[in-house]
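User: I would like to go through the reasoning behind some of the labels attached to this model. Please set each value against its cut-off before you conclude.

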Amino acid sequence: MTSDSEGVVVVGGGQAGFSVVSTLRAAGYVGPVTLFADEPHLPYQRPPLSKKAHTEAADLSVSLVPESFYAERDIELRLGDDVVAVDPAARTVRTRGGRSVTYAHLVLATGARNRPLPVPGADLAGVHALRSLDDALAVGRALTTARDVVVVGGGFIGLELAQVARAHGARVTVVELADRLLSRALSAEVEPHVRERHEQAGVRIRTGTSVLALEGSGRVERVVTSDAVLPADLVVYGIGAAPRDELARAAGLAVDDGVLVDEQLRSVSDPRVFAVGDCARHPHPHADGPVRLESVQNATDQGALVGRRLAGQPPARYESLPWFWSDQGAVKLQIAGLRAPSDDVRLCVGDVPERLAAYAFRGGLLAAVETLNWPAEHLAARRLLERRTPVSADDLAGTTLGALARARRAAEVRA
Ligand SMILES: Cc1cc2nc3c(=O)[nH]c(=O)nc-3n(C[C@H](O)[C@H](O)[C@H](O)COP(=O)(O)OP(=O)(O)OC[C@H]3O[C@@H](n4cnc5c(N)ncnc54)[C@H](O)[C@@H]3O)c2cc1C
C-alpha cells in the first residue's frame with residue numbers, strides 16, 4: 001500500500017470529474033490532482049451514445065480530450081481503478097487495487113447508474129441498457145441485424161434510440177408505463193407534438209403499458225406487456241437512473257437520492273468533500289427544494305465551479321441556468337430553466353410548422369422554455385433567463401422571445 005501527498009482527489013472520470021480536473025489546472029492549481037475512473041476508457045461524453053449507432057470504438061470520437069492532455073497538465077489519470085472506500089476522518093480514499101491516497105479535498109463525481117429492468121427475462125441475450133460506451137457498442141452491433149426493436153421507457157434516451165433504430169430500418173415500439181412520453185421532463189402541452197413526430201417517423205408508441213416479462217430461449221424473442229405480446233430481437237431499456245451515492249453513504253456523509261451538498265456544492269456533512277454532476281443533490285435558485293440534475297450543462301458547470309474554488313478563487317454559489325437538449329431523429333428538443341408542475345404553460349407555434357415553443361410562467365413571470373426545432377428561440381430563452389430579465393405572459397402575447405429581446409434592445413438604443 002502506498003500513500004501520496006495531499007491534493008485534490010476526484011472520484012469519477014465522466015463529464016463532471018473531467019471538468020473539475022481541467023478547471024483546477026486552468027485556474028492555476030499546482031498541487032497533486034488524481035482522477036479515479038472505474039471505466040477503462042478515457043473520460044468521454046455520453047450524449048452521442050444514444051443519437052447514432054456505433055459498432056466500433058473507433059467510430060466514436062467521444063473522448064473529451066486526448067490522453068496527452070492529462071500528462072501535459074500533471075493530472076494523474078487512474079483508468080479502470082475504482083475507489084471502494086472513503087475515510088473522511090483520515091482523509092483517504094482506498095481503491096480496489098489496495099492503493100490509499102490522502103486528500104486535502106475530495107470531489108465525488110460518480111454519476112448515476114441505470115435503474116435495472118425488474119422483470120423476468122431481463123438477463124436474456126439481446127436485452128441492453130444504454131449508459132456506457134461499452135453499452136453503446138453492444139447496442140450498435142445488435143442494431144446491424146435487429147428487425148424488431150422494443151424500447152422500454154419513453155424518456156430521452158429511449159426516444160433517441162428509437163429513432164436510431166428506425167434509421168436502421170427496424171420496426172420499433174416504445175413501451176412506456178406512464179400515460180405520456182417524457183412525463184417527468186416535458187410539459188403535457190409539448191408532449192403530443194413530440195409523440196406525433198415519432199409516430200410520423202414510424203415509431204409505434206404504447207403509453208400506459210407495463211412490461212411484464214421478456215421471453216425467449218437463450219435470446220429475447222418477445223416482450224409480454226400488460227396489453228400485448230410484442231416480437232423482439234432487441235430490447236433496449238432506459239427507465240431512469242439512480243445516483244451513485246453509495247461511497248458517500250458508506251462514509252457517513254449525508255445522502256438522500258444523491259450526495260447532499262450546499263449551494264457551493266460542498267457536502268453538508270464534511271467541508272473537505274464536494275459532489276458534482278449526476279450524483280449531487282443541491283439547492284438551486286430556480287428550484288423550490290434541493291434538486292439532482294442529469295445534464296451535460298450541470299455536470300460541466302458544477303465541476304468548473306468546484307475546480308475554481310479549490311484552485312483558490314473565492315467561493316461562489318452554484319446558480320447556473322439549467323439547460324438541456326435531446327436530438328430524437330428530426331426532433332431537436334431543448335429546454336432552458338426548470339419547469340414546475342404548477343407552472344402556467346403557453347404554446348407558441350413558430351413561423352415554420354416544425355418549430356414550437358412552450359413558455360412556462362410562474363407567479364406571472366417566465367421560468368422555463370421548451371422548444372422543438374427552434375435553437376434561436378432556445379438561445380434567446382437562455383439569455384433572458386440567465387440575466388433574470390422579467391418576461392410576463394403579456395410581454396409575450398403574439399410574439400416570440402427572440403423578437404421581444406430584439407425589440408427591447410432597439411428600445412434601449414433609442415433611449
Ligand atoms: C446515453 C446518454 C445520452 C445522454 N444524452 C444527453 C444529452 O443529449 N444532453 C444532456 O445534457 N445530457 C445527456 N445525458 C446526460 C449526461 O451525459 C450526464 O448528465 C453526464 O454525463 C453526467 O456527468 P457525470 O460526470 O456526473 O456522470 P457520468 O458521466 O456518469 O460519469 C461518472 C463516472 O464515474 C465513474 N464512477 C462511479 N463510481 C466510481 C468509483 N467508485 N470509482 C471510480 N469511478 C467511478 C462512472 O463509471 C462514470 O464513468 C445523456 C446520458 C446518457 C447515458
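Analyst: In this predicted model, the buried residues of helix H9 pack against strand S25 (356-362), strand S26 and helix H8 (375-386).

User: Which residues of H9 are the buried ones, and what makes them one side of the helix?

Analyst: The buried residues of H9 are Leu401, Gly402, Leu404 and Ala405. They cover an arc of only 165° around the axis, and therefore lie on the same side of H9. The face turned away from that buried side carries the exposed residues Arg406, Val413 and Arg414.

User: How do you know that the span of H9 (residues 401-414) agrees with its number of residues?

Analyst: At 1.5 Å a residue, the 14 residues of H9 should span 20 Å, and because its end C-alpha atoms are 20 Å apart, the two values agree.

User: Why is threonine 371 called buried?

Analyst: Buried means under 20% relative accessible area, and threonine 371 has a relative accessibility of 1%, so it counts as buried. Threonine 371 is located in strand S26 (residues 365-372), and, leaving aside residues up to four places away in sequence, it touches Lys332, Leu333, Gln334, Leu356, Ala357, Glu377 and His378.

User: What makes the pair formed by serine 295 and the ligand a polar contact?

Analyst: The cut-off for a pair of N or O atoms is 3.5 Å, and a polar backbone atom of serine 295 is 2.9 Å from an oxygen atom of the ligand, so the pair qualifies as a polar contact. Taken alone, the ligand exposes 1,000 Å², of which the protein buries 96%.

Definitions and conventions: Residues are numbered from 1 along each chain as its sequence is written. This is a predicted model: local features need pLDDT of at least 70, side-chain atom pairs count only at pLDDT 80 or more; totals for chains, interfaces and linings use all residues. Side-chain values use heavy atoms; hydrogens and water are left out. Helices (H or I, at least four residues) and strands (E, at least two) are DSSP runs, numbered from the N terminus. Buried means under 20% relative accessible area, exposed over 50%, partly exposed in between (1.4 Å probe, protein chains only). Contact means heavy atoms within 4.5 Å. The expected span of a helix is 1.5 Å times one less than its number of residues. The arc is that of the directions from the helix axis to the C-beta atoms. A polar contact is a pair of N or O atoms within 3.5 Å; within protein, one must be able to donate a hydrogen and the other to accept it, and residues adjacent in sequence count only if both atoms are side-chain atoms. Accessible areas come from the Shrake-Rupley method with a 1.4 Å probe; for residues, only the protein chains shown count as cover.
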